[in-house]
Protein chains: 2
Amino acid sequence: MKIAQLGEFGFISRLRRQCPPGPGVRLGIGDDCAALEIPPGELLLTTTDLLLEQVHFRREWTDWHRLGRKSVAVNVSDIAAMGGTPRYLFLALALPADLEVTALDAFIDGFLAAAADYGASLAGGDTCRSPGPLLISVTAEGSVPAGELVGRSGARPGDAIYVSGTLGDSALALRQLLAGEAPEAFLAERHHNPSARTGLGRALAAARLATAMVDLSDGLVADLGHLLTASGVGGRVATASLPLSPAFRAALAAEPALLELALAGGEDYELLFTVPPERAAELPPLAAQLGLALTRVGELTSGPGLVLVDAQRQERTPGRGGFDHFAG
Amino acid sequence: MKIAQLGEFGFISRLRRQCPPGPGVRLGIGDDCAALEIPPGELLLTTTDLLLEQVHFRREWTDWHRLGRKSVAVNVSDIAAMGGTPRYLFLALALPADLEVTALDAFIDGFLAAAADYGASLAGGDTCRSPGPLLISVTAEGSVPAGELVGRSGARPGDAIYVSGTLGDSALALRQLLAGEAPEAFLAERHHNPSARTGLGRALAAARLATAMVDLSDGLVADLGHLLTASGVGGRVATASLPLSPAFRAALAAEPALLELALAGGEDYELLFTVPPERAAELPPLAAQLGLALTRVGELTSGPGLVLVDAQRQERTPGRGGFDHFAG
């Protein structure tokens, strides 16, 4: 069955049956607006991300379930970067009329499974047909106690720079896909099914450990650059200290220039955060508790700008880095 | 200059300069999420709408400033239908690379002007290039005191059905545009630059006058149908009582079948609401105060379903009506 046969109202009424109102949802799918509770004393967090066929994904490289999961994760990652708790999701879809309903069902299954993993509810959205590519527009709402909000502007010279997980895996998988190669399963999973680091973001905020935080969607150089600018500081990053997976290290050994993917490849969806040096001892226990690597990659300076230092202590100033969607 | 030359980060930094954080915005454009205040004791309202080139608008029929205004109004109209106050807007754009920056600037000007009219702030968004049509995805957030929320399910048999403004103007303009004719200025304005009825929605909610309310985006038959279903009631609408503009009446006199556009044309962005009969006397003073027609078009029954009664007292049951985007 094609989307055109199911119909817009058929799709919405099916979705409504799949989504009984979650915690805090007074009115969910099916009214003009969702009506939602935000805990007293908390700030509302909101972020929105587009995923567009041919720009952010290609149908032939992904499966629909994982695309649904990723649509949630890339938004929830932004909530995590503020120290927040994800709560509500909104899904707007522009659907090509020849899309199979089975594909849409698998996408929705993945979306709802990821939402449940992060404790969030689908509370509304919009649908229309698309005369061109499939477009997915997701808005995520969360909340954070007002005193625990972590922005980009609170970093101070001397703070240590940390990143979670490993860098460059997703960009390496994308590079292999673009070259017509099949990435190994670990790398493919990192690209198609990233995890938002909500537990880490929340723990850092609750402990008031992070002075500033961003999620790594555009690559370390670009996203750290945004943090440095917002905080009015500089930074030094030791490239030899970047956390790399075994799969990434194997590829890097054969082609040293791939290090650029860990610096500027993007779509890591790890958290980068800064911590006052006197509190660095609190990080190893937190990493152990979360089962997630937390690696110190450098420190902040009075700046301005970012300096990369390699294993031979050679310094360089990176280009701005990051993916410019309009030029791309 | 084309979008590709301005660049994504150039666009965002320009926008940020145009949008100093509005009331309640702790962090706006430029962090991972916006961080926003919701008044204590109020529920968060959220709605999202897609506007896609070739589906919802055509470049040759519109001007960019009015398209920016309409992108705001269609979302804010949903906030109005819950009795809420609009507060924050999020704008995600997928932009064809050959779009002129002057066009984008005019769109943003219209968007920000409408936001200011409704007392809302642009607080974030996303941008990417589009390999196909221009896509606009707007999310609006508002709030309403928890006890004043007006949904679709509170209507009772015997309640009177009211609509604001006039019906069918936008659909008539669209029909003329599709036929290659130029609609007269009043009709064109109703189609390209609708007004969200925020003052009315808020007043009805604050006075606890409306038992149920929807905004008329899919047409009276479809949207009233949703309200009847949600409330578990039926309805009778007297078609001779539908509020019609002089321009619409002139066209109707020449072609009586155009009445269908007032019943099911869509994009009116008026409010339809139900009022207990003993409180009907409160509506004329409210209409006078707002300078907006409020017309009684029928009443609710124990149902089920909607019955249309014409001037000759002939009854008919309408088709479901409303625009199915997938089939369209």
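In chain A, residues A:Asp169, A:Ser170, A:Leu172, A:Ala173 and A:Leu174 of helix α5(A) meet A:Leu187, A:Ala188, A:Arg190 and A:His191 of helix α6(A), where contact requires C-beta atoms, placed from the backbone, within 7 Å. These residues divide into 5 nonpolar, 2 polar and 2 charged; Ala, Val, Leu, Ile, Met, Phe, Trp, Tyr, Cys and Pro count as nonpolar, Asp, Glu, Lys and Arg as charged, and the others, Gly among them, as polar. The axes of α5(A) (residues 169–178) and α6(A) (residues 185–192) come within 8 Å and cross at roughly 105 degrees. That makes α5(A) roughly perpendicular to α6(A), the term for angles of 65 to 115 degrees (under 35 is roughly parallel, over 145 roughly antiparallel, the rest oblique). Axes are lines fitted to C-alpha atoms, for helices over the stretch in contact, and angles run from 0 to 180 degrees between N-to-C directions.

This is a predicted model: local features need pLDDT of at least 70, side-chain atom pairs count only at pLDDT 80 or more, and totals for chains, interfaces and linings use all residues. Residues are numbered from 1 along each chain as its sequence is written, while chains are lettered from A and ligands numbered from 1 in the order in which they are written.

The domain assignment, automatic or from a database, splits chain A into domain 1 (3–148) and domain 2 (160–316). Their centres, taken over C-alpha atoms, are separated by 27 Å. Domain 1 of chain A brings 18 residues to the contact and domain 2 of chain A brings 21 residues. On the domain 1 side, α3 and β4 of chain A each supply at least two residues, and α3(A) gives the largest share, 9 residues. Helix α3(A) (residues 64–80) also lies across β3 (42–52), β4 and β6 (135–145) of chain A, running at about 30 degrees to β6(A). Helices (H or I, at least four residues) and strands (E, at least two) are DSSP runs, numbered from the N terminus.

An open sheet of 6 strands crosses between the chains, in the order β5(A)-β4(A)-β6(A)-β3(A)-β2(B)-β1(B), with mixed pairing; two strands pair if DSSP finds at least two bridges between them. β5 (121–130) of chain A and β1 (25–27) of chain B stand at the edges with a single partner strand each, so one side of each is left without a neighbour in the sheet. From one strand to the next the twist averages 20 degrees. Two pairings are set out below.

| Strand pair | Sense | Bridges | One partner pair |
|---|---|---|---|
| β4(A) (residues 85–96) and β5(A) | parallel | 9 bridges | A:Pro96 and A:Ser130 |
| β2(A) (residues 34–36) and β3(B) | antiparallel | 3 bridges | A:Ala35 and B:Leu45 |

The contact between the chains takes 63 residues from chain B and 63 residues from chain A. Strand β3(B) (residues 42–52) gives the most to the chain B side, with 9 residues. That side divides into 35 nonpolar, 15 polar and 13 charged residues.

A turn of 180 degrees and a shift of 0.0 Å along the axis lay chain B on chain A with an RMSD of 0.0 Å, superposed by least squares on C-alpha atoms of residues with pLDDT of at least 70 in both. That is the relation of a two-fold axis. In chain B, the C-alpha nearest the axis belongs to B:Gly132, 2.9 Å from it. The same surface serves both copies, as 100% of the contact residues of chain B recur in chain A.

Definitions and conventions. Contact = placed C-beta atoms within 7 Å.
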